[in-house]
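Dear colleague,

Please find below the structure that I am handing over to you. A short account of what was found in it follows.

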Amino acid sequence: ENHYSSIESIAFNKIGHHKNLVATVAKDQANIYDNQHVGEAFDLMCNLQNVKTDYTDGGILNHCTWVESQVETNSLLAVAGESKDISVISVQDLRVKYLMKGHTEELKKLGVDIAAEAQAAQEAPQGLEEQIDDPNRLA
């Protein structure tokens, strides 16, 4: 890994037709790999360094998860860490396409607990089920 540190999170893409993609985050970097098109090699296809910009503080990344894209030819990777923001990377555009702000503390987890969502759906008041039935939304 080009960040020379332990991997904090790894995510295998199980959404859409890019199931050959694998992502990792460590330090201030997110890496996306293609594990299908280069024979036996595990090919780095995208590296994003989470630097400070006018929009975000950047910094250490601790979490990553794949999220569903409305565009069939694209895959989206959500990453988060100490900056309190969630950056969504477009594989097609090789850049952060969406930035979600609003958290007041560092994110401790990024992903979906399907069992908890199913339980919440059973206990939800009538009419709220449609808000929590998407297993690929960000938690």
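**Confidence of the model**

This is a predicted model, and the mean pLDDT of the protein chain is 79, with 75% of its residues at 70 or more. Over residues 124-139, however, the pLDDT is below 50; this stretch nevertheless has 26 contacts in the model beyond near neighbours in sequence. Residues 114-118 also stay under 50 in pLDDT, and the model gives them 4 contacts beyond four places in sequence. Where pLDDT is low, the predicted coordinates should not be read in detail.

**Fold and surface**

The protein chain contains 8 strands and 1 helix. Along the sequence these elements follow the pattern β-β-β-β-β-β-β-β-α, so the helix comes after the strands.

The protein chain has 139 residues, of which 40% count as buried. Among its contacts with a separation of 6 or more, 40% are between residues 24 or more positions apart. The chain exposes about 8,500 Å², and carbon and sulfur atoms supply 50% of that area.

**Cysteines**

Are cysteines 46 and 64 buried or exposed? Cysteine 46 has a relative accessible area of 8%, and buried means under 20%, so cysteine 46 is buried. Cysteine 64 has a relative accessible area of 6% and is therefore buried by the cut-off of 20%. How many disulfides does the model contain? The count comes to 0, a disulfide being a pair of cysteine sulfur atoms within 2.5 Å.

Yours sincerely

Definitions and conventions. Residues are numbered from 1 along each chain as its sequence is written. This is a predicted model: local features need pLDDT of at least 70, side-chain atom pairs count only at pLDDT 80 or more; totals for chains, interfaces and linings use all residues. Side-chain values use heavy atoms; hydrogens and water are left out. Helices (H or I, at least four residues) and strands (E, at least two) are DSSP runs, numbered from the N terminus. Buried means under 20% relative accessible area, exposed over 50%, partly exposed in between (1.4 Å probe, protein chains only). Contact means heavy atoms within 4.5 Å. Accessible areas come from the Shrake-Rupley method with a 1.4 Å probe; for residues, only the protein chains shown count as cover. pLDDT is the predictor's confidence in each residue, from 0 to 100.
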